[in-house]
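The following exercises ask the reader to work through a sheet and a pocket step by step. Please consult the sequence and the structure while reading each solution.

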Amino acid sequence: MYRSIMVPVDLAEADLAAPAITAAVSFAKVSGGMVRLIYVRSLIPVTYMEFVPADFDTEQQEDAEAKLAEIAAKIDLPEEQVSAKVLIGSVHGEVLAEADASGTDLIVIGSREPGMLAYVLGSNASAIVRRAKCSVLVVR
C-alpha cells in the first residue's frame, strides 16, 4: 500500500493539518509506512534583507523546525516511522519536489472550503493535486 506518506503542514494554521495527519497515520498503521511532515517557509525578498537582523533566517528556520517537531512528537506512531522537514520556497513547488526526491507514495493535504481569492489565484492544495506524480488525498 502506501509506504511513504507526506503531510504538508502550514504552521500558521496547524489545526488545518490535523485531519490530514490523522488520515496519514491510519494509512501508515495499516501499511507499516512512514509519515513525513513538511513545512515550507517563504523566501524573504532580497529588498527586505537589509531591514532584518543578520540571524533572522536562522531563527526562523529553528523556530519552524521546533514547531514541526512538536507536532511530529504527538503523532501516534513509533518515532522511527515519523519525520519532519522544513523547506524554503514556494509551497506547491517544494512539496512536489520533495515528494519526487523522497519517493512519496501518497500526499495527504488538509483543506478547507476555498474562498473567492482561492478561486482567482488558485491554492497550494489544488496545485499539488494537479501536478503530483503520486496519489493525493485532500481531507477536510
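A pocket is an open set of grid points with protein on both sides within 12 Å along at least five of seven lines, and its volume is the space filled by probe spheres set on the points. The model examined here is predicted.

**Exercise 1.** Determine the order of the strands in the open sheet, and explain why one side of β3 and of β5 is left without a neighbour.

*Solution.*
Step 1. The open sheet consists of five strands, arranged as β3-β2-β1-β4-β5 with parallel pairing.
Step 2. Strands β3 (82-88) and β5 (135-139) occupy the edges and have a single partner strand each, so one side of each lacks a neighbour in the sheet.
Step 3. From one strand to the next, the twist averages 25 degrees.

**Exercise 2.** Describe how β4 is joined to β5.

*Solution.*
Step 1. Strand β4 comprises residues 106-110 and runs parallel to β5, with five bridges between them.
Step 2. Opposite V108 stands L137, a residue of β5.

**Exercise 3.** Locate helix α2 and characterise the lining of the second largest pocket.

*Solution.*
Step 1. Helix α2 (residues 56-73) lies across β2 (34-41) and β3, and runs at about 150 degrees to β2.
Step 2. The second largest pocket has a volume of about 150 Å³. Its lining includes Y39, R41, F56, Q60 and D63.
Step 3. The elements giving two or more residues to this lining are β2 and α2; α2 provides the largest share, five residues.
Step 4. By type, the lining residues divide into five nonpolar, two polar and three charged.

Technical notes: Residues are numbered from 1 along each chain as its sequence is written. This is a predicted model: local features need pLDDT of at least 70, side-chain atom pairs count only at pLDDT 80 or more; totals for chains, interfaces and linings use all residues. Side-chain values use heavy atoms; hydrogens and water are left out. Two strands pair if DSSP finds at least two bridges between them. Helices (H or I, at least four residues) and strands (E, at least two) are DSSP runs, numbered from the N terminus. Axes are lines fitted to C-alpha atoms, for helices over the stretch in contact, and angles run from 0 to 180 degrees between N-to-C directions. Contact means heavy atoms within 4.5 Å. On a 1 Å grid over the protein atoms alone, a cavity is a set of points where a 1.4 Å probe fits but cannot get out, and a pocket is an open set with protein on both sides within 12 Å along at least five of seven lines; lining residues have an atom within 4 Å of a point. Ala, Val, Leu, Ile, Met, Phe, Trp, Tyr, Cys and Pro count as nonpolar, Asp, Glu, Lys and Arg as charged, and the others, Gly among them, as polar.
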